[in-house]
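This report goes through a protein chain in stages, beginning with its overall make-up and ending with individual side chains. Please keep the sequence and the structure at hand while reading.

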Amino acid sequence: MEVRSYRRVFDLERRIYRVDRLRLNPAGIPVRGIVYFLVILGLALPAGCAALLTVIRIEGRPFHLAAQALFRHRAGSRRLSGLRPRGPSSCAFPGARWLPEQIVMLPDGSEGRMRRLRYTGPGAVLVAVAHHRQLRGGALELFGRRPCVVLRQRLGARPPCRGQVIVLERAAQLRVR
């Protein structure tokens, strides 16, 4: 046998002729071609998926927002308590007792006289009776003292047509005497 070029001897091309019992092309499929195909597929598949997911809209939302909402729905609670999902502030299991947190109740002035009261802000107070308002500690706020609003009822005076709203900042006090 005469070899004119060593390139032919060392140029080995691996080919696949059959997969299990399935016979492929009689000349075989080059392994290098399969590797090239897998590399191209590995690059084209993420790019194609990214292009497809940017086009998809579910209920008018982009795919990532719709997927996030679906995930939160699937991971969320399956039972409701007081029309809210079960959680630390609701019933732990069916039949359990729920105790509300501490409730602040303030008189509404329907008694005809003002009750003694001390309230620390933030908040807003609606006063619907005739009263005298005095501000204390406004200038002393610079020295660390809290501003204080003192209300006193005016006996025998006509109540105002509309109530007055007094807005209290954080740490400001309202005292009714």
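## Overall make-up

Among contacts in the protein chain between residues at least 6 apart in sequence, what percentage joins residues at least 24 apart? In this model, which is predicted, the share of such contacts that join residues at least 24 apart is 51%.

The protein chain holds three helices and 14 strands. Of its 177 residues, 14% count as buried, and the area that the chain exposes comes to about 15800 Å², of which carbon and sulfur atoms supply 58%.

## The four-stranded sheet

Four strands form an open sheet in the order S9-S14-S12-S11, and their pairing is mixed. Its edges are strand S9, covering 117-120, and strand S11, covering 131-136, each of which pairs on one side only. On average, and with direction ignored, neighbouring strands of this sheet are turned by 15° against each other. As a general matter, strands of a sheet pair through backbone hydrogen bonds, either parallel or antiparallel.

Within this sheet order, strand S12 (residues 148-153) and strand S14 (residues 173-176) run parallel and are joined by four bridges. One point of reference for a reader tracing this pairing is valine 149, which stands opposite leucine 174 in S14.

## Histidine 131 on an edge strand

Histidine 131 is found in strand S11, which is one of the edge strands of the sheet. Is this histidine 131 buried or exposed? Histidine 131 counts as buried because its relative accessibility is 13%, and the cut-off for that class is under 20%.

The side chain of histidine 131 takes part in two kinds of approach, one to a backbone atom and one to another side chain. Histidine 131 reaches the backbone oxygen of valine 129 with its side chain at 2.9 Å, and its side chain also makes a polar contact, at 3.1 Å, with the side chain of glutamine 164. When residues up to four places away in sequence are not counted, histidine 131 touches Met114, Leu151, Arg152, Gln153, Arg154 and Gln164; glutamine 164 is thus both a polar partner and a member of this list.

## Salt bridges

How many salt bridges does the structure hold? There are two. In general terms, side chains of opposite charge can pair when their charged atoms come close.

One salt bridge brings together the side chains of arginine 15 and glutamate 13, with an N to O distance of 3.4 Å. Arginine 15 has a relative accessible area of 31% and is therefore partly exposed, and glutamate 13, with a relative accessible area of 42%, is likewise partly exposed.

The side chains of arginine 61 and glutamate 59 also meet in a salt bridge, here at 3.6 Å from N to O. Glutamate 59 counts as exposed because its relative accessibility is 71%, whereas arginine 61 is partly exposed, with a relative accessible area of 33%.

## The setting of arginine 61

Where in the secondary structure is arginine 61 found? Arginine 61 belongs to strand S6, which spans residues 61-62. Leaving aside residues up to four places away in sequence, arginine 61 touches Ile56, Ala66 and Ala69. Its relative accessibility of 33% lies between the limits of 20% and 50%, so arginine 61 falls in the partly exposed class.

Terms used
Residues numbered from 1 in each chain as written. Predicted model: local features only at pLDDT ≥ 70, side-chain atom pairs only at ≥ 80, totals over all residues. Heavy atoms only, no water. Pairing = 2+ DSSP bridges. Helix = DSSP H or I, 4+ residues; strand = E, 2+ residues; numbered from the N terminus. Axes fitted to C-alpha atoms, helices over the stretch in contact; angles between N-to-C directions. Buried < 20%, exposed > 50% of the residue type's maximum accessible area, 1.4 Å probe, protein only. Contact = heavy atoms within 4.5 Å. Salt bridge = Lys/Arg side-chain N within 4 Å of Asp/Glu carboxyl O. Polar contact = N/O pair within 3.5 Å; in protein donor to acceptor, adjacent residues only side chain to side chain. Areas by Shrake-Rupley, 256 points an atom, 1.4 Å probe, with all protein chains shown as cover.
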